[in-house]
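Trainee: Please take me slowly through one part of this structure, the pairing of charged side chains and whatever surrounds it. I would rather have one connected account than a list.

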Amino acid sequence: MAGSLFSGVGGRLWNWVPVACRSFSLSVSGLSRVRLTLPPPKAIDRWNEKRALFGVYDNIGILGNFEKHPKELIKGPRWLRGWKGNELQRCIRKRKMVGNRMFIDDLHNLNKRIHYLYKHFNRHGKYR
């Protein structure tokens, strides 16, 4: 009796629930659609600026008698040119190179960031 009562109530309850909220275990036939066609391929610009200039300085040594290293052609902040590292190392390098020329507030914020990152790297991650 309880089963028949539940099925009668359950049928009425599921009628007002949106299709997206129903469980997949109810085997609603409208939700089990399979895509039969592939989406159309995207049109890709093969000669945009990034792709066209990729590797443009790779042979600068061969063409320029090895006078300039490719890292000397990089534009950007002085403490980042041709250098690689995590955020803590980058902040320490910035403080070492331009810390004496920074505004007081910027230097204070940089020191706070270094202090926080130092604690973070010592408490978390694979190097602790």
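Mentor: Before we look, a salt bridge is taken here to be a side-chain nitrogen of Lys or Arg within 4 Å of a carboxyl oxygen of Asp or Glu. With that criterion, a search of the whole structure, which is a predicted model, finds one salt bridge. Its partners are Arg-113 and Glu-87, whose side chains meet at 2.9 Å, N to O. Arg-113 belongs to helix α5 and Glu-87 to helix α4, so the pair ties together parts that are 26 residues apart in sequence. As a general point, side chains of opposite charge can pair when their charged atoms come close. Buried would require under 20% relative accessible area and exposed over 50%, so Arg-113 at 33% counts as partly exposed, and Glu-87, with 28%, is likewise partly exposed.

To place this pair in the fold, note that the protein chain has five helices and zero strands, running α-α-α-α-α from the N terminus on. The two helices that hold the bridge, α4 (87–98) and α5 (104–123), are also the elements that give two or more residues to the largest nonpolar core. That core has eight residues in all, namely Trp-79, Leu-88, Cys-91, Val-98, Met-102, Leu-110, Ile-114 and Leu-117. Cys-91 links the two themes of this region: leaving out residues up to four places away in sequence, Cys-91 touches Leu-110, Ile-114 and Leu-117, and also Arg-113, the charged residue that pairs with Glu-87.

Two further residues help to fill in the surroundings. Phe-121 is in helix α5 and, setting aside neighbours within four places in sequence, is in contact with Asn-86 and Leu-88. Phe-121 and Leu-88 are 33 residues apart in sequence, yet their C-alpha atoms are 8.4 Å apart in space. With a relative accessible area of 28%, Phe-121 is partly exposed. Ile-92, for its part, lies in helix α4 and is partly exposed, with a relative accessible area of 36%. The C-alpha atom of Ile-92 is separated by 9.9 Å from that of Trp-79, a residue 13 places away along the chain.

This part should be set against the chain as a whole. Buried residues make up 10% of the 128 residues in the protein chain, and among contacts with a separation of 6 or more, 17% are accounted for by residues 24 or more positions apart. The protein chain exposes about 12,200 Å², of which carbon and sulfur atoms supply 58%. Outside the two helices discussed so far, Leu-53, Val-56 and Tyr-57 make a nonpolar surface patch of about 290 Å²; Val-56 sits in the loop between α2 (49–52) and α3 (60–63), and counts as partly exposed at 43% relative accessibility.

Finally, there is the matter of confidence. The chain averages a pLDDT of 79, with 70% of the residues scoring at least 70. Among the elements of the protein chain, helix α5, where Arg-113 lies, has the highest mean pLDDT, at 95, whereas helix α1 (residues 2–16) has the lowest, at 54. Where pLDDT is low, the predicted coordinates should not be read in detail.

Technical notes:
Residues are numbered from 1 along each chain as its sequence is written. This is a predicted model: local features need pLDDT of at least 70, side-chain atom pairs count only at pLDDT 80 or more; totals for chains, interfaces and linings use all residues. Side-chain values use heavy atoms; hydrogens and water are left out. Helices (H or I, at least four residues) and strands (E, at least two) are DSSP runs, numbered from the N terminus. Buried means under 20% relative accessible area, exposed over 50%, partly exposed in between (1.4 Å probe, protein chains only). Contact means heavy atoms within 4.5 Å. Accessible areas come from the Shrake-Rupley method with a 1.4 Å probe; for residues, only the protein chains shown count as cover. A nonpolar core is a set of buried Ala, Val, Leu, Ile, Met, Phe, Trp, Tyr and Cys residues joined through side-chain atoms within 4.5 Å. Patches are made of residues with over 30% relative accessible area and no salt bridge: like charges are joined within 9 Å, nonpolar side chains (Val, Leu, Ile, Met, Phe, Trp, Tyr) within 5 Å. pLDDT is the predictor's confidence in each residue, from 0 to 100.
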